[in-house]
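These notes are meant for a colleague who is opening this structure for the first time. They take up helix packing and then a few individual residues, point by point.

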Amino acid sequence: MKLLDSLKLKRLDFYIIKKFLGTYFFSLALIIIVIVVFDYNEKIDKFVNSNATTSEIIFDYYLNLAPYYANTFSALFVFIAVIYFTSKLADNSEIIAMFASGVSFRRLIKPYMIAAGIIALMTYVLSAYIIPVGNETRLAFEQRHNRKDKTEAASNIQLKIDENTIAFIERYESRNNMGWRFMLDRFEDKKLVSHMEAATINYNPDRPHTWTARRWLIRELKDDKEVIRESRREPLDTVLPFEPGDFLISEGEQETMTSPELSSYIDKQKARGMANIKGFEIEYHKRIAMSFASFILTVIGVSLSSRKKKGGMGLSLGIGLGLSFSYILFQTISSAFAEQMPVALAMWLPNILFTFIAIYLYRKAPR
């Protein structure tokens, strides 16, 4: 209440916020119901053949799928909600009455931005902290029952363990936790001081970061001398600060990490010189950019639909749908730009472009 008092909200503000959020949640609920129905009809045979229980289908799959799609289409339905109820206000001459009573367009847009802020905050919290936890359960369900493949092997793995140590595994398979042709090089002042190689190396899941090398050889170079140790029979346990999850990346794995986990993972993989982090960087920056889209699309929607037009809301709704779909399309395309430019810039390109559109339409809006 103190926050609302500090914003000096009036009955008109509460009326617009209520209409905005009510239309947004109602339209979003409708599309989610449609998506769930179509998805169930498409996958019912798979559910039956995989012997998935009703409880698993409802609570493990659909209860986590619904928020995922709700967040995905949030920007679209912010736009639709604004266009729909603002056009209705304009058709009923309510906006004309507001202007006649001395309310400026700038003042009119205030409750819209408050509602957009509520949606933006909700969108970010869902995408950054809540949905990733649900995605982990949902993807696990798909792997069990829909036979969705999980990455179980990798080749030519090179890891920068620290500033002076580099590891290499020619091939690794998770089914037996085994890697082939392992090498570990240590440097001092850019000079090789130790080289280890092993025919095979096994990861020990019960002892994190512990690997067992077999048929190994270690060469140590110091003071122009070379010391060689090797064994073809005795295994050698060694502690290395990485695990298979650092290079076995399954499709959609970035969607199962919260934003703090994504940030930590990206920093760690960059330090190791890994090249498999583009998808993780895209996911991290997309969550933030998508949240801010609520403000931009709200300004565009209000500017387009606040003028009373002949023929009702049809034209405004059509233009709004076109712009909202173009925003989603541009955001999808911009993900491909991340290969040629900084990821953060690529993910913010749609927001930057549509901000200019919003400014132009705002200036052209009725006063």
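1. Helix α4 passes helix α8 in a right-handed crossing. The model in which this is seen is a predicted one. The axes of α4, which covers residues 74-91, and α8, which covers residues 278-305, come within 8 Å of each other and cross at roughly 25°. Because angles under 35 degrees count as roughly parallel, α4 and α8 are therefore described as roughly parallel to each other.

2. The residues that make this contact can be followed along both helices. On the side of α4 they are Ala75, Val78, Phe79, Val82, Ile83, Thr86, Ser87 and Ala90, and on the side of α8 they are Met290, Ser294, Leu297, Thr298, Ile300, Gly301, Val302, Leu304 and Ser305. When the residues of the contact of α4 with α8 are sorted by class, 11 are nonpolar and 6 are polar, while no charged residue takes part.

3. A second helix pair is formed by α3, residues 54-72, and α6, residues 105-145, which pack at an angle of about 140° with their axes 8 Å apart. That angle makes α3 oblique to α6, since the term roughly antiparallel is kept for angles over 145 degrees. The crossing of α3 and α6 is left-handed.

4. Which residues of α3 and α6 meet? From α3 come Glu56, Ile57, Asp60, Tyr61, Asn64, Leu65, Pro67, Tyr68 and Asn71, and these meet Thr123, Leu126, Ser127, Ile131, Gly134, Asn135, Thr137, Arg138, Phe141, Glu142, Arg144 and His145 in α6. By class, the contact of α3 with α6 is made up of 8 nonpolar, 8 polar and 5 charged residues.

5. Turning to single residues, histidine 195 is found in strand β4, which runs over residues 191-203. With a relative accessible area of 10%, histidine 195 is buried, because buried means under 20% relative accessible area. Its side chain makes a polar contact with the side chain of aspartate 185 at 2.4 Å, and the side chain of histidine 195 also makes a polar contact with that of glutamate 197 at 2.8 Å. If neighbours within four places in sequence are left aside, histidine 195 is in contact with Met183, Leu184, Asp185, Leu217, Ile218 and Arg219.

6. Serine 194 likewise lies in strand β4. Is serine 194 buried or exposed? With a relative accessible area of 14%, serine 194 is buried. Not counting residues up to four places away in sequence, serine 194 touches Leu184, Asp185, Arg186, Ile218, Arg219 and Glu220.

7. Two backbone positions deserve a look, given that most residues other than glycine have a negative phi. Asparagine 156, although it is not a glycine, has a positive phi of about 50°. Asparagine 156 is found in strand β1, residues 153-162, and is exposed, with a relative accessible area of 56%.

8. Arginine 215 is the other position to check in this respect, for it has a positive phi of about 50° although it is not a glycine. The place of arginine 215 is in strand β5, which spans residues 210-222, and at 45% relative accessibility arginine 215 counts as partly exposed.

Definitions and conventions: Residues numbered from 1 in each chain as written. Predicted model: local features only at pLDDT ≥ 70, side-chain atom pairs only at ≥ 80, totals over all residues. Heavy atoms only, no water. Axes fitted to C-alpha atoms, helices over the stretch in contact; angles between N-to-C directions. Helix = DSSP H or I, 4+ residues; strand = E, 2+ residues; numbered from the N terminus. Parallel < 35°, antiparallel > 145°, perpendicular 65-115°, else oblique. Left-handed = near helix turned anticlockwise from the far one by under 90°. Contact = heavy atoms within 4.5 Å. Nonpolar A, V, L, I, M, F, W, Y, C, P; charged D, E, K, R; others polar. Buried < 20%, exposed > 50% of the residue type's maximum accessible area, 1.4 Å probe, protein only. Polar contact = N/O pair within 3.5 Å; in protein donor to acceptor, adjacent residues only side chain to side chain.
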